[in-house]
Amino acid sequence: MASIGASTTFAFAPFTFWWLPLLTLTALCTLVSFSQRWQQAAWLGFCWGLGYFTAGLNWVHIPIEQFGGLPLLLSLALLLLLSAYLALYPLLFALSAFWFRQHRALPLLLAACWVLLEALRSWLLTGFPWLSPGYSQIEGPLRQFAPLIGETGITFVLLLSTAALSHALLKRHYRMLLLAAALWLSTPFIGNWHGWQLNGNTLDVALVQGNIKQELRWDPAQEVSTMRLYLELTTPHLGTPLIIWPEAAIPRVEVLAEPFLFELDALLAEYQSSLITGIIDYNFYSLEAWNSLITLGKRRQSDPGGHYQPGHSNRFEKHHLLPIGEFVPFESLLRPLAPIFDLPMSSFSRGDFVQTNLIANDAVLLPAICFEIAFPRQLAANFNPDTTDLLLTVSNDAWFGDSIGPHQHLQIARMRALEFGRPLLRATNNGITATIAADGSIQQQLPQFEAGVLTDTMQLSSGSTPYSRYHDWPLWILSLLLLLLAVYPASLKLTQDARKQIK
């Protein structure tokens, strides 16, 4: 069973066999339906999930081993521990399938269960929504549903389809399979309902990829050379309206980098350019640090010069921090135990959930730093259909080496562009830097592990998708209602049977 779950990894980037979950999820639903006891169903779900997450998240052990100072076997053990926790969600799904196995609307109920469990996984313990099945459909026909119901809705349709197929094979009930087939057949037609349109405006951009080795990024002796490299890569592209540097591209805390920032701000303004860069904001009085984005150069095209000032409001502070990497739970207990709990820059403070969009040369950008791009609710809370021009995500995937992790990260970013109907810029330290159109397609990308600059012209869009207006709420409410309507009669019957036994 674990091997079936593990094979689902090939549905995600960089492999993108989008049809594969139709087989592996159908196998899960079918095998669980043969269970004679709930313990057997739970074990099948757990094994499927353990294979699914261990294979799909195999890149997680790389920073633990290479930068966390732990032996390979111990790093793999921690990967297995994380996967075992995440496998609890397929376990609960399998228990739900066992509980509702005789219900006529079983496929709808299983789709609802999976969606609600994914919502729980994206929230509990700060959330880890990686490898949600809907992302596997970014190259498949179900991608057309993203502007309407988001990745969450795609997951619902995918689970409905696989559960309906299993139900048809086992029970010879075909109504739900016909419903699922109708949804798949409708995909060529629903693309016209996405709610956004190109507005005729364009924006020239330059995304800089420095390719700084991870072991050198926080070496004080390398700070000047790193800043010089980014400046040298950028200089030929001065005059481009919008230039992007990746997460923490400036390795010196902001207050110590002010001379460099003021000079860069004036240089950019001289060439009518604006720059957004990652940097660490540190308060020496409160001893708090934020993983931040700041803007330099022109804020508005009509401005006479640059607008940078220490602490100015045209900045973004990361809200959704990565456990262990950016904050350590139970810090006083865990930090002394192993180097993995004492990585550089692992004590960040959290920015606000709702922050103003960045403004650069009149362009309005909705930012997300690294891991945050996997949380559409955060983007939805900060998205303004009347003003937001582009989505922006910056990252440093050098932690994960030559693995599938950065490819999955790019795939998630593409889904966000498709959901919100806005072009997206993705700037990273060592790849994959890319420009993404409002329909989720990749326009251009830089090779990994090479220093370079990606230049492109972005076609801007306006309007709002149904998903950007209503988010996941309609689907969550529908899923809850489905489960309540299924559970209430069953609980009522149990109560009546208990009363009869008492009498």
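This briefing walks through the cavities, sheets, annotated spans and unusual backbone spots of the structure above. The model is a predicted one. It contains 3 cavities of 30 Å³ or more, along with an open sheet of 6 strands that begins its order with β5 and another open sheet of 6 strands that begins its order with β6. A UniProt record adds a list of transmembrane regions, and a few backbone details are worth a look if you plan to work with the coordinates.

**Enclosed space**

- Rolling a probe the size of a water molecule over the atoms reveals where empty space remains.
- The count of cavities of 30 Å³ or more is 3, and the largest has a volume of about 180 Å³.
- There are 17 residues lining that largest cavity, and the ones closest to its centre are E118, S122, P129, E151 and T152.
- Helices α7 (106-121), α8 (146-171) and α14 (376-382) each give at least two residues to the lining of the largest cavity.
- By residue class, the lining of the largest cavity splits into 8 nonpolar, 4 polar and 5 charged residues.
- The second largest cavity has a volume of about 70 Å³.
- Its lining is made of Y52, F53, L86, Y89, P90, F93, W114, L117, E118 and R121, with two or more residues coming from each of α3 (38-56), α6 (88-99) and α7.
- Helix α7 provides the largest share of the lining of the second largest cavity, at 4 residues.
- Which classes make up the lining of the second largest cavity? Its residues divide into 8 nonpolar and 2 charged, with no polar ones.
- E118 is worth highlighting: it belongs to the residues closest to the centre of the largest cavity, and E118 also lines the second largest cavity.

**The sheet from β5 to β12**

- Strands of a sheet pair through backbone hydrogen bonds, in either a parallel or an antiparallel sense.
- This open sheet has 6 strands in the order β5-β4-β3-β2-β1-β12, and its pairing is mixed.
- At the edges stand β5 (315-317) and β12 (452-463); each has a single partner strand, so one side of each is left without a neighbour in the sheet.
- On average, neighbouring strands of this sheet are turned by 35 degrees against each other, with direction ignored.
- Strand β1 (residues 196-209) pairs with β12 in the antiparallel sense, over 11 bridges.
- Within that pairing, A206 has T455 of β12 as its bridge partner.
- Helix α11 (residues 223-234) lies across β1, β2 (242-244) and β12, and runs at about 130 degrees to β1.
- Helix α12 (residues 258-270) lies across β2, β3 (274-283) and β4 (288-297), and runs at about 30 degrees to β4.

**The sheet from β6 to β11**

- Here 6 strands form an open sheet in the order β6-β7-β8-β9-β10-β11, again with mixed pairing.
- Its edge strands, β6 (358-360) and β11 (442-445), each pair on one side only.
- Neighbouring strands of this sheet are turned by 25 degrees against each other on average, direction ignored.
- How many bridges join β9 to β10? Strand β9 (residues 424-428) and strand β10 (residues 434-436) run antiparallel and are joined by 3 bridges.
- R426 stands opposite A434, which sits in β10.
- Helix α15 (residues 405-420) lies across β8 (390-395), β9, β10 and β11, running at about 160 degrees to β9.

**Spans from the UniProt record**

- Under "transmembrane region", the unreviewed UniProt entry lists residues 12-34, 41-60, 72-93, 105-125, 145-165, 177-196 and 473-494.
- In the model, residues 12-34 are 61% helix and 0% strand, and their end C-alpha atoms lie 28 Å apart.
- Residues 41-60 are 80% helix and 0% strand, with end C-alpha atoms 28 Å apart.

**Backbone details to check**

- The peptide bond from A13 to P14 is cis, with omega near 5 degrees, and P14 is placed in the loop between α1 (2-7) and α2 (20-33).
- G431 and I432 are also joined by a cis peptide bond, with omega about 15 degrees, and I432 lies in the loop between β9 and β10.
- L131 has a positive phi near 65 degrees, though this residue is not glycine.
- The loop that holds L131 runs between α7 and α8.

Technical notes. Residues are numbered from 1 along each chain as its sequence is written. This is a predicted model: local features need pLDDT of at least 70, side-chain atom pairs count only at pLDDT 80 or more; totals for chains, interfaces and linings use all residues. Side-chain values use heavy atoms; hydrogens and water are left out. On a 1 Å grid over the protein atoms alone, a cavity is a set of points where a 1.4 Å probe fits but cannot get out, and a pocket is an open set with protein on both sides within 12 Å along at least five of seven lines; lining residues have an atom within 4 Å of a point. Grid points are joined across faces, edges and corners, and a volume is the space filled by probe spheres set on the points. Ala, Val, Leu, Ile, Met, Phe, Trp, Tyr, Cys and Pro count as nonpolar, Asp, Glu, Lys and Arg as charged, and the others, Gly among them, as polar. Two strands pair if DSSP finds at least two bridges between them. Axes are lines fitted to C-alpha atoms, for helices over the stretch in contact, and angles run from 0 to 180 degrees between N-to-C directions. Contact means heavy atoms within 4.5 Å. UniProt positions are given in the numbering used here, feature names are shortened, and annotations may be inferred rather than shown by experiment.
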